[in-house]
Amino acid sequence: MLILQKDLKYFLDRKVDFYNTTAFIDSDPVFVPHQFTLKQDIEIMGFFAATFAWGQRKTIIQKSMELAQRFDGTPYEFILHHSESDLKQLSGFKHRTFNDTDLLYFVDFLHRHYKENESLEDAFIPETGFTDMESSLIHFGQYFFNHPHAPGRTRKHVASPAKTSTCKRLNMFLRWMVRCDDKGVDFGLWKKIRPEDLICPIDLHVDRTARWLGLVTRKQTDWKTAVELTQNLRLLDAADPVKYDFALFGLSIEKEIYASPPNSIR
């Protein structure tokens, strides 16, 4: 890398402190689960907000909150106890390529899962127990679509490392649920997965900054790229590597990476 590791850590730690604040919430999809207090409501609306997380952040938040209204403001109660007639109020929902067919299957999956489990975290834990994030994400995809009536079109909305996807949206959702600090952004609700096990969400902004800093060398952007990035971030903080998601994303969004060459950071 062009930058000494100690200098890079100092630089990124400062940027994490700057961006990992409650001021970050209002303009980010994490705003959506922050509107709820019940654990299951936070999980459900976090899962939907993360699923919708492509395109403009303002629109992602708007569509997520529209969905919450269609759930009568109580997502867990609606999903667990809805009647067939209640499902009519979900008709016509659409966000980009996600439509009401996808929504009805998501609701059906969540209904089946919460009938047997207290938390959505259990959906990410294989029967043999947690080993690594790649195995857990593959397990989740298989578990999610383990139903004879799962629509083929819905598979594009739940990524898997088995298909070499970066799984950006699922990794972002997992960051929200697993990371725990005193900054008030991430929730830290889940304890079966540890922060050190997480994989850094990698989108256009994170990818751009990571390459600018020499944290990624792989030419394409896929699951192996997300793993490479996370492994390099673990060299900076082995216990909480994905905290640097705040810094990498923020540096690109605020166009800080264009202000100076990477070997000039202090």
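Buried here means under 20% relative accessible area and exposed over 50%, with partly exposed in between (1.4 Å probe, protein chains only). The model is a predicted one, so local features need pLDDT of at least 70 and side-chain atom pairs count only at pLDDT 80 or more, while totals for chains, interfaces and linings use all residues. Residues are numbered from 1 along each chain as its sequence is written, and side-chain values use heavy atoms, with hydrogens and water left out.

By that yardstick Cys180 comes out exposed, at 52% relative accessibility. Cys167, on the other hand, is buried at 1%. Neither one pairs up: for both, the closest cysteine sulfur is in Cys200, but it sits 13 Å from the sulfur of Cys167 and 18 Å from that of Cys180, too far for a bond in either case. The structure as a whole holds zero disulfides (a disulfide being a pair of cysteine sulfur atoms within 2.5 Å).

Cys167 also turns up next to Ser160. Setting aside neighbours within four places in sequence, Ser160 is in contact (heavy atoms within 4.5 Å) with Cys167, Ser165 and Ile138. Ser160 belongs to the loop between helix H6 (133-144) and H7, helices being DSSP runs of H or I with at least four residues, numbered from the N terminus. Ser160 is buried, with a relative accessible area of 13%.

As for open space, the largest pocket holds about 640 Å³. A pocket is an open set of points on a 1 Å grid over the protein atoms alone, where a 1.4 Å probe fits, with protein on both sides within 12 Å along at least five of seven lines; lining residues have an atom within 4 Å of a point. The volume is the space filled by probe spheres set on those points. The lining runs to 39 residues, with Ala53, Lys168, Arg169, Met172 and Asp203 nearest the centre. H7 (168-178) gives the most, seven residues. By type, the lining splits into 21 nonpolar, eight polar and 10 charged residues.

The largest nonpolar core (buried Ala, Val, Leu, Ile, Met, Phe, Trp, Tyr and Cys residues joined through side-chain atoms within 4.5 Å) counts 84 residues, and Phe124 is among those touching the most other members. Beyond its sequence neighbours within four places, Phe124 is in contact with residues including Phe140, Phe173 and Trp190.

How values were computed: Helices (H or I, at least four residues) and strands (E, at least two) are DSSP runs, numbered from the N terminus. Ala, Val, Leu, Ile, Met, Phe, Trp, Tyr, Cys and Pro count as nonpolar, Asp, Glu, Lys and Arg as charged, and the others, Gly among them, as polar.
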